[in-house]
Amino acid sequence: MDSHSCDILILGGGMVGLSIAHQLLERGIASNITIIDKEPRLGLHSSGRNSGVLHAGLYYKPDSLKAKVCVEGARRLRSWVEDRDLPLNPCGKIIVPPRTELDAQLDVLAERGRANGAEVEFLDADQLRTIVPEARTASGRALWSPNTAVVKPISVVRRLRQELAARGVKMREGQHDFKARPTHQQLVLPDGTELSYGHLFNCTGLQADRVARVFGTGSQYTLLPFKGLYWQLRANCPFQPRTNLYPVPDLSVPFLGVHFTPSADATPVVSIGPTATLAFGRENYRGLKAVEPGMAAANIGVLARQYLTNRGGFRRYVHEQAFLALPPLLIRAAQELIPAVKPEHIELSQKVGIRSQLFNRKTEQMEDDFLCLAGPCSTHVLNAISPAFTASFALADLIIDQAVPELNLL
Ligand SMILES: Cc1cc2nc3c(=O)[nH]c(=O)nc-3n(C[C@H](O)[C@H](O)[C@H](O)COP(=O)(O)OP(=O)(O)OC[C@H]3O[C@@H](n4cnc5c(N)ncnc54)[C@H](O)[C@@H]3O)c2cc1C
């Protein structure tokens, strides 16, 4: 039987796992690093299927982990992308209130943004129209975030993988169904190879709670998957917003509402979405192949209880966002931002992602912030939701720092 050993074993080669490897190398903490992914190639899940928006840090409560890492992470990832000449659209972002009663939320966002170190400006209706002539604000005000940008997520993942491999990180893709022996700090791979490690980082995204349980950690958490479908403006649509256009979000719900996002490509395609509809499998992007009936039934029970108790404003999510996969409702949501949108202007995009949302069975609440748990010689990243892509380099530093006493013993 083949056996190998490494100082650091990273499970999951999405943006979080890759960024941890990158920061461990950059900071000179470890160089004998192996990354294992169950898929034959990287980027098949959230890190290759997201909107690519480098968020500027407006939404997050100033004492949250998200706030701590978003602005710094966005700055670092943006300059990494620019240095490599990868696609980047420095298009900024506008947030508009679709209803007058939401206007006061602009002040909350501006305040949070400034506290988090983001640049924000208020626009009046005329200034808004100079940037997106067709856009509407119900109150006559909008918020402008000049530093929001859009990248092409899959090109970031591929380039990072390539550079890490060139710097000696061992990449082992296609390794599903490993056996874990946490007390021996060892994994047995499907081909029988025994892989010993000093410290393990679990960065398995949509599967992270299940993997954590194998290491005896995080038993009160379960992940609820929500499907994010995208539509896009047809090429012959008479208007094509040049900037991100978002509604004022309901800050008690984890999703930002359907928005317009120009891609980072040379000829940007404007997408509309993503939706956030309950998914019937964690990786059930299309069709029925990856449906998980047991998990779906359990999650429907959880969501029904959330609805009845209206925890975290959950009823509002159901009424305003849960059914946006239905085209008439999606068009109505899009028209709140750009009233001229008509059914003939949009088409379904090929792009679809699944948004993981961690649910705490003990508190019966959705977790709103990143969550990182310590296990035996291991660290488990359980709620790497948006803006984890944006923040990835800075988030990786935070995760590494949490594990540092143990890493020093390697
Ligand atoms: C629709 C959508 C839109 C989003 N938009 C944005 C945005 O605009 N900006 C932003 O900052 N964030 C956005 N996000 C969030 C962002 O995509 C995620 O926060 C980020 O990609 C999470 O990265 P990750 O590495 O944790 O997970 P992933 O990218 O899912 O990577 C996890 C990896 O682990 C592997 N894996 C799983 N199980 C195992 C196992 N048992 N063994 C080995 N490997 C395993 C998977 O194959 C995968 O490669 C969006 C997310 C979605 C779904």
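How many Å separate an oxygen atom of the ligand from a polar backbone atom of A384? Let's work through that and a few more exercises together.

Before we start, note that this is a predicted model, in which local features need pLDDT of at least 70, side-chain atom pairs count only at pLDDT 80 or more, and totals for chains, interfaces and linings use all residues. Residues are numbered from 1 along each chain as its sequence is written, and side-chain values use heavy atoms, with hydrogens and water left out.

**Exercise 1. Find polar contacts of the ligand.**

Step 1. Start with the rule: a polar contact is a pair of N or O atoms within 3.5 Å; within protein, one must be able to donate a hydrogen and the other to accept it, and residues adjacent in sequence count only if both atoms are side-chain atoms.

Step 2. Go to A384, where a polar backbone atom is 2.6 Å from an oxygen atom of the ligand.

Step 3. Turn to the side chain of N50: one of its N or O atoms is 3.0 Å from a ligand oxygen atom. At S51, a backbone N or O atom lies 3.3 Å from a nitrogen atom of the ligand.

Step 4. Now look at the cover: alone, the ligand exposes 1000 Å², and the protein buries 94% of that. Such areas come from the Shrake-Rupley method with a 1.4 Å probe; for residues, only the protein chains shown count as cover.

**Exercise 2. Describe the shell around the ligand.**

Step 1. Count the residues: 35 surround the ligand, and the closest are D37, S47, V53, A384 and T390. Here a residue is near if one of its heavy atoms lies within 4 Å.

Step 2. Sort the shell by type: 15 residues are nonpolar, 15 polar and five charged. Ala, Val, Leu, Ile, Met, Phe, Trp, Tyr, Cys and Pro count as nonpolar, Asp, Glu, Lys and Arg as charged, and the others, Gly among them, as polar.

Step 3. Find the elements involved: α1, β18 (346-360) and α10 (388-407) each supply at least two shell residues, and α10 gives the largest share, three residues. Helices (H or I, at least four residues) and strands (E, at least two) are DSSP runs, numbered from the N terminus.

Step 4. Place the ligand: domain 1 (1-52 + 152-220 + 362-410) and domain 2 (224-360) both give residues to its shell, so the ligand lies between them. The domain bounds come from an automatic or database assignment.

**Exercise 3. Decide whether helix α1 is enclosed.**

Step 1. Check its length: α1 (residues 15-26) has twelve residues and reaches 16 Å from first C-alpha to last, close to the 16 Å expected at 1.5 Å a residue. The expected span is 1.5 Å times one less than the number of residues.

Step 2. Judge the burial: eleven of the twelve residues are buried, so α1 is largely enclosed by the rest of the structure. Buried means under 20% relative accessible area, exposed over 50%, partly exposed in between (1.4 Å probe, protein chains only).

Step 3. Look just past the helix, where G28 takes a positive phi of about 65°.

**Exercise 4. Locate unusual backbone spots.**

Step 1. Find the cis peptide bonds: one joins G273 and P274, with omega about -10°, and another runs from S386 to P387, with omega near 10°.

Step 2. Look for positive phi outside glycine: D85 has phi near 60°, and D177 also has phi near 60°.

Step 3. Check their surroundings: D85, in the loop between α2 (65-83) and β4 (88-89), is exposed at 71% relative accessible area. D177 sits in the loop between β9 (170-172) and β10 (179-181) and is exposed at 66%.
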